[in-house]
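Here is a friendly tour of one protein chain, taken piece by piece. Keep the picture open beside you as you read.

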Amino acid sequence: MVGIQAVIWLVAGPLLARPMLRLHGLWTHLVLGGDPSTRLRERVESLEQTRTTALDIQQAEIQRIERDLHDGAQARLVTMGMTISQAERLMETDPARAAELLAAAKQDSKEALHEIRSLVRGIRPPVLADRGLNEALRALAAQSPIATDVESNLRRELSPPLESALYFGISELVTNAVKHSEAERITIRVVDGPDKVRVTIGDNGRGGAEEAAGGGLAGVRRRLEPFDGSLGITSPTGGPTTAVIAVPTA
């Protein structure tokens, strides 16, 4: 009897194996995958949240630009106009004083131009727009008071919004390291995968970096959310600190 059963299983086993594996796969997907409508609802909620985040960031940027223009370049241009008008009135009666006022107006024009250029860099740095993310990161490293190395295998063009998000996120992380880490060296490593860009920013400082509400790290996370990007921080006390940005590109 046992021999007959063994023969039956030897014959039926290969025939039943594939259907049983399919049945097991379907059961596993049903148990672990969850209800498709639930996943769709969660995805819609996530997209609504990231859209709200993107709109909040955009509104904050608009308000910052308006404030910087009003308090900076606009105020200098108004002062410059008043100074030139005063110099015109003194041109015949007090040429020396008029020349002093014109020199002051010239200085105001230089300051206004400098503030406008700084404002433009805050929106999208010219090097980023003209030469791409790699060169923008090298320029950022060159300006850092701490020795900063950049490694990148990125060879393709990313969309301008994604480039800006990555650049300003990396810039914020480098700035945090400069301000708080007491590090001697910072490294920026960009790895371009088939469907994701991964950026690792590390420093050999004292560690202890924490993400606080309203802080710089939270701001980087919010900037990445509209792109389904993520931010991971590893920063034990005593260091080192490693931040990883991952953003899908597909």
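## The sheet

In this predicted model, five strands make up an open sheet, and their order across it is E1-E2-E3-E5-E4. The pairing between the strands is mixed. Which strands stand at the edges? They are E1 and E4, and each has a single partner strand, so one side of each is left without a neighbour in the sheet. From one strand to the next, the twist averages 10°.

Strands of a sheet pair through backbone hydrogen bonds, and they can do so in a parallel or an antiparallel way. E3 and E5 run antiparallel and are joined by eight bridges. Look for Thr200, whose bridge partner in E5 is Val244. A helix also rests on this sheet: H4 packs on it and touches E1 and E2. The direction of H4 makes about 170° with that of E1.

## A hairpin at E4 and E5

Now follow the chain through E4 and E5. These two strands pair in the antiparallel sense, over five bridges. Within the pair, Ile233 stands opposite Ala243 in E5.

How many residues lie between the two strands of this hairpin? There are six, and one residue in the turn, Gly238, has a positive phi of about 95°.

## One side of helix H6

Helix H6 covers residues 216-224, and its buried residues are Leu217, Ala218, Val220 and Leu224. Where do they sit around the helix? They cover an arc of only 155° around the axis, which puts them on the same side of H6.

What do these buried residues pack against? Their neighbours are helix H5 (160-180), strand E4 (230-234) and strand E5 (241-248). So the hairpin strands turn up again here, as E4 and E5 both belong to the packing partners of H6.

## The nonpolar core

In soluble globular proteins, nonpolar side chains tend to be buried together. The largest nonpolar core of this model has 29 residues, and those that touch the most other members are Leu166, Ile170, Val199 and Ile245. Several elements give two or more residues to this core: H4, H5, E2, strand E3 (196-203), H6 and E5. Which of them gives the most? That is H5, with eight residues.

Ile245 is a good residue to click on. Leaving aside its neighbours within four places in sequence, Ile245 is in contact with a long list of residues, including Leu166, Gly169, Ile170 and Leu173. Its contacts also include Val197, Arg198, Val199 and Ile201. Two residues met earlier as buried members of H6, Val220 and Leu224, are among the contacts of Ile245 as well.

## Salt bridges

Side chains of opposite charge can pair when their charged atoms come close. How many salt bridges does the structure hold? It holds seven, and three of them are described here.

Two of these involve Glu135. Its side chain meets that of Arg131 in a salt bridge, at 3.5 Å from N to O, and that of Arg138 in another, at 3.1 Å from N to O. Both partners lie with Glu135 in helix H4 (residues 126-143): Arg131 is four residues away from Glu135 and Arg138 is three residues away, about one turn of the helix in each case. An α-helix has 3.6 residues a turn, so residues three or four places apart point the same way. At 26% relative accessibility, Glu135 is partly exposed; Arg138 is partly exposed too, at 36%, while Arg131 is exposed, at 57%.

The side chains of Arg189 and Glu151 also form a salt bridge, at 3.7 Å from N to O. This pair links distant parts of the chain, with Arg189 in strand E2 (residues 185-192) and Glu151 in strand E1 (residues 147-152), 38 residues apart. Arg189 is partly exposed at 46% relative accessibility, and Glu151 is partly exposed at 48%. Back in H4, salt bridges that share partners join Arg131, Glu135 and Arg138 into one network.

## A stop at Leu113

Leu113 is found in helix H3 (residues 95-123). Is this residue buried, exposed or in between? At 42% relative accessibility, Leu113 counts as partly exposed. Its C-alpha atom is separated by 9.6 Å from that of Arg76, which is 37 residues away along the chain.

Notes:
Residues numbered from 1 in each chain as written. Predicted model: local features only at pLDDT ≥ 70, side-chain atom pairs only at ≥ 80, totals over all residues. Heavy atoms only, no water. Salt bridge = Lys/Arg side-chain N within 4 Å of Asp/Glu carboxyl O. Buried < 20%, exposed > 50% of the residue type's maximum accessible area, 1.4 Å probe, protein only. Arc of directions from axis to C-beta. Contact = heavy atoms within 4.5 Å. Pairing = 2+ DSSP bridges. Core = buried A, V, L, I, M, F, W, Y, C linked by side-chain atoms within 4.5 Å. Axes fitted to C-alpha atoms, helices over the stretch in contact; angles between N-to-C directions.
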